[in-house]
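I set out to read this structure helix by helix and to note what I looked up at each step. The entries below follow that order.

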Amino acid sequence: MSFALYMVGFLIFIGGVAWGLVTAGVPHLYVIIGATILLGLGMFTGVARTRGKDPSL
């Protein structure tokens, strides 16, 4: 559940950044590329932060 909550927050963050870039006049192609990169980074960090520790260690 915490991964889903993390991703929802990150998607809201990406939406705000994309909205700001479009308002600033950045071409849509660059906004889409940036949003895709941020989504990938968000998924990597979300998995790393919400992954459970291995109890055998």
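**Entry 1: the second helix**

I began with H2, which has 23 residues and reaches 32 Å from its first C-alpha to its last, close to the 33 Å expected at 1.5 Å a residue. I note here that the model is a predicted one.

I then asked which residues of H2 are buried. I found Val31, Gly42 and Gly46. I looked up their partner as well: the buried residues of H2 pack against H1.

**Entry 2: the first helix**

I turned to helix H1, which spans residues 2-24. H1 has 23 residues and reaches 33 Å from its first C-alpha to its last, close to the 33 Å expected at 1.5 Å a residue.

The buried residues of H1 are Met7, Phe10, Ile14 and Ala18. I recorded that these buried residues pack against helix H2, residues 28-50. The packing was thus looked up from each side, with the buried residues of H2 set against H1.

I also checked the backbone where H1 ends. Just after H1, Gly25 takes a positive phi of about 95°.

**Entry 3: aromatic rings**

How many aromatic pairs does a search of the whole structure find? The search returns two. In one of them, the rings of Tyr6 and Phe10 have their centres 6.3 Å apart and their planes at 15°; the pair is therefore stacked, as planes under 30 degrees apart count as such.

I located both residues in helix H1, four residues apart, which is about one turn of the helix for Tyr6 and Phe10. I wrote down the general rule beside this: an α-helix has 3.6 residues a turn, so residues three or four places apart point the same way.

Is Phe10 buried or exposed? Phe10 has 18% relative accessibility and so counts as buried, the cut-off being under 20%. Tyr6, with a relative accessible area of 26%, is partly exposed.

I went on to the pair of Phe10 and Phe13, whose ring centres are 5.7 Å apart with planes at 55°, so I entered this pair as tilted. Phe10 and Phe13 also both lie in helix H1, three residues apart, again about one turn. For Phe13 I noted 43% relative accessibility, which counts as partly exposed.

Taken together, the ring pairs link Tyr6, Phe10 and Phe13 into a cluster.

**Entry 4: nonpolar surface**

I next looked for nonpolar side chains on the surface. Leu29, Tyr30, Ile33, Ile37, Leu41 and Phe44 form a nonpolar patch there, with about 680 Å² of accessible area together.

I examined two members of the patch singly. Phe44 is found in helix H2, and at 64% relative accessibility Phe44 counts as exposed, since the cut-off for that class is over 50%. Leu41 is likewise found in helix H2, but at 46% relative accessibility Leu41 counts as partly exposed.

**Entry 5: across the two helices**

I looked up some separations and contacts between residues of H1 and residues further along the chain. Leu41 and Phe10 are 31 residues apart in sequence, and their C-alpha atoms are 9.7 Å apart in space.

Leu11 has its place in helix H1 and, at 47% relative accessibility, counts as partly exposed. From Leu11 to Ile37 I noted 26 residues in sequence and 12 Å in space, C-alpha to C-alpha. Ile37 is one of the residues of the nonpolar patch.

Which residues does Val22 contact, leaving aside its neighbours within four places in sequence? I found His28 and Val31. Val22 is in helix H1 and is partly exposed, with a relative accessible area of 37%. Its partner Val31 is among the buried residues of H2.

Technical notes: Residues numbered from 1 in each chain as written. Predicted model: local features only at pLDDT ≥ 70, side-chain atom pairs only at ≥ 80, totals over all residues. Heavy atoms only, no water. Helix = DSSP H or I, 4+ residues; strand = E, 2+ residues; numbered from the N terminus. Expected span 1.5 Å × (residues − 1). Buried < 20%, exposed > 50% of the residue type's maximum accessible area, 1.4 Å probe, protein only. Contact = heavy atoms within 4.5 Å. Phe/Tyr/Trp six-rings, centres within 6.5 Å; stacked < 30°, edge-to-face > 60°. Patch = residues over 30% accessible without salt bridge, like charges linked within 9 Å, V, L, I, M, F, W, Y side chains within 5 Å. Areas by Shrake-Rupley, 256 points an atom, 1.4 Å probe, with all protein chains shown as cover. Salt bridge = Lys/Arg side-chain N within 4 Å of Asp/Glu carboxyl O.
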